[in-house]
Each structure stands twice: as structure tokens, then as C-alpha cells.
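Hi,

Here is the structure I promised to pass on to you. Have a look at it first, and my notes on what turned up follow below.

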Amino acid sequence: MIHLLLSRWRQGRRTMPYPKTLPSLPERFRGRPQFSPGACPENCRACADACPTGAIQLEPGPTLDLGRCLFCTECVDACAGAAPGEVLRFTGDHRLAVRNREDLVLGPPQGAEDRPPLAEALGKELMRVLGRSLKLRVVSAGGCNGCEVDVNVLGTVAWDLGRFGIQFVASPRHADGLVICGPVTANMALALRKTYDAVPDPKIVIAVGACAIQGGPYLHQAEQLGGAAAAGLPVDLFIPGCPPHPLTILDGLLRLLGKIR
Ligand code: SF4
Ligand code: SF4
């Protein structure tokens, strides 16, 4: 026992001090993608043609739909081969979650003051009910489980989601909302609807990952519905990525609860 206590004492506090300070992210971390305005060669379509999910549109101006993006960097590699300089790149910005689906469609920044849209806090009434204690039921609706793994990481000692009053629960009847991962396969549609109906009002829905937002890499498969919204659920928070980094998920949850702005 004494050895156990000594080892805990030596290890010290293992929970990261986020959001007070940001954890250091590896150099290869892929955050918010960014176009450099006006730098594309004429008639170049290299990035859009390389994208497996149709996330990039070039008309009337270049846009990248984060809700479809797999963060695979195929577009960046194609762009590097077609245009001089870094026209398209991934930044280290982990803050990607938004409240409205259309806010995930990004164009080139219009000047230094052009800030990317970030998730706003819940309305006053929902904040009164859920702001200090939020219980969430995770539904794995047919993806590859990558998103579920990064959601689960938030329960580990390094992230300690419980210190923010957020917990994952086993029963939808004990939950205030759903975290949905996966594109919602036809086989999961009824189970998801029943789980949603079992959550007492008022309730929220959080779509985690490209699959839950719009089908992800399964976008063109007939066996899936194309995400939580397409399955008929009102989504309150969209967290893009494939899978989103735990820091991106936590950032979205804390913004939803007004704990960071
Ligand atoms: S990183 Fe996103 S936008 Fe680029 S090719 Fe992959 S899915 Fe398409
Ligand atoms: S978004 Fe990507 S990581 Fe998440 S379930 Fe779908 S395929 Fe897997």
C-alpha cells in the first residue's frame, strides 16, 4: 500500500490544466484548413478533384465544407503539386465546433479581422437546466468507432471530463442529450429514434465526426442515411473531424455550456 501511495505522490496531478492552458499538439496535428485568397492558378481544380467527399467547391469562390472533410490532406497534396506556395493548408487551430451546419462551410478569410465561426452557448433556459450538470448518452450509429474512441478518451484521468460537470451515462432516461457518432445506418435508424425519444425534454443532440454530420466516408453508401440531421434529429452542436481530436470535442462541449467563449 505504501508503495502505491508513494507512486501516486511521485506521479503528481495527471489531469491537464485545459482550458487554462492548451496542451501541446504534435506538429502533424490537422486543425482548421485555410485557403490563401486569390492565389489559385487559373482554371485549377486540383484540390476539388482530389477530394473523396466533394467537400471542396470552387464556384463562385473556393469553399471547404468541414462537415464533409475527412482531414485526409489529399487536397493539400494535390494543391502543392499544382500551385506555387501554400494556397491550401491545415492550420493548428483545434476549435472547429459550430451550432449551425452552414457555419462549417469555410471560404478564404476576408482580412485579419475575419474570425472563423465558433459554437455559441445554449440559450438561457437550456443553460439554466443543463449548464452545471450535463449527462450524455453516446449512440454509435454505424461508423468505424474512431469517433467513439476519441469521445471515450475524455473520460480518462488526463482529460477528466467530469470536472466540467459533463458525464456519459448508460441510459437515455438518465441523459440530457445524445452524442451521435456514425452516419446512422438503416439498421440503426429505429434504435437511434427510440433512444432520442427516451431522453426527457429539454434535450440536446451533438453530432460528432464527419459521419454523424453528413455521412463521412460512407456518404455514397446506400445503407446509411447521411448523418444525424438527415435521420431527422435536430442537431444542436456539430463537431467535425474524422475523427475529431478529443481537444476539438471538449472545446465544442465547453463552448456549448458557455464555459469558454
Ligand atoms: S482533407 Fe478534406 S477537403 Fe481535403 S481532400 Fe480530404 S476530405 Fe477533401
Ligand atoms: S467520422 Fe471518421 S472516425 Fe468518425 S466514425 Fe466516421 S469514419 Fe470513423
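**What surrounds ligand 1**

By class, the shell around ligand 1 is made up of 11 nonpolar, two polar and one charged residues. That shell counts 14 residues, and the closest are Cys51, Cys69, Leu70, Cys72 and Cys75. Please keep in mind while reading that this is a predicted model.

**The five-stranded sheet**

There is an open sheet of five strands, with parallel pairing and the order 7-6-8-9-10. At its edges are strand 7 (166-168) and strand 10 (237-239), each of which pairs on one side only. From one strand to the next, the twist averages 25 degrees.

Strand 8 is a good place to start looking. Strand 8 (residues 177-181) pairs with strand 9 (residues 204-208) in the parallel sense, over five bridges. Within this pair, Gly177 stands opposite Ile204 in strand 9, and Cys181 stands opposite Val208. Helix 6 (residues 186-198) packs on the sheet and touches strand 6 (134-140), strand 8 and strand 9. The direction of helix 6 makes about 170 degrees with that of strand 6. Helix 8 (residues 246-256) packs on the sheet too, touching strand 6, strand 7, strand 9 and strand 10. Its direction makes about 165 degrees with that of strand 10.

Strand 8 also has a partner in strand 6: five bridges join the two, which run parallel. Here Val138 has Val179 in strand 8 as its bridge partner. As for the connection onwards, the chain goes from strand 8 through helix 6 to strand 9, and this β-α-β crossover is right-handed.

How many of the five residues of strand 8 are buried? Five of the five are, so to put it in words, the strand is mostly covered. Gly177, Val179 and Cys181 point one way from strand 8, while Leu178 and Ile180 point the other way, and all are buried.

**The three-stranded sheet**

Another open sheet has three strands in the order 2-3-5, and its pairing is antiparallel. The edge strands are strand 2 (56-57) and strand 5 (105-106), and each pairs on one side only. Strand 3 (residues 63-65) is joined to strand 5 by two bridges, and these strands run antiparallel. In that pairing, Leu64 stands opposite Leu106 in strand 5.

Happy browsing, and do write back with any questions.

Best wishes

Methods:
Residues are numbered from 1 along each chain as its sequence is written. Chains are lettered from A and ligands numbered from 1 in the order in which they are written. This is a predicted model: local features need pLDDT of at least 70, side-chain atom pairs count only at pLDDT 80 or more; totals for chains, interfaces and linings use all residues. Side-chain values use heavy atoms; hydrogens and water are left out. Two strands pair if DSSP finds at least two bridges between them. Helices (H or I, at least four residues) and strands (E, at least two) are DSSP runs, numbered from the N terminus. Axes are lines fitted to C-alpha atoms, for helices over the stretch in contact, and angles run from 0 to 180 degrees between N-to-C directions. Contact means heavy atoms within 4.5 Å. A residue is near a molecule or strand if one of its heavy atoms lies within 4 Å of it. Ala, Val, Leu, Ile, Met, Phe, Trp, Tyr, Cys and Pro count as nonpolar, Asp, Glu, Lys and Arg as charged, and the others, Gly among them, as polar. Buried means under 20% relative accessible area, exposed over 50%, partly exposed in between (1.4 Å probe, protein chains only). A crossover is right-handed if, with the strands pointing away from the viewer, the path from the first strand over the helix to the second runs clockwise.
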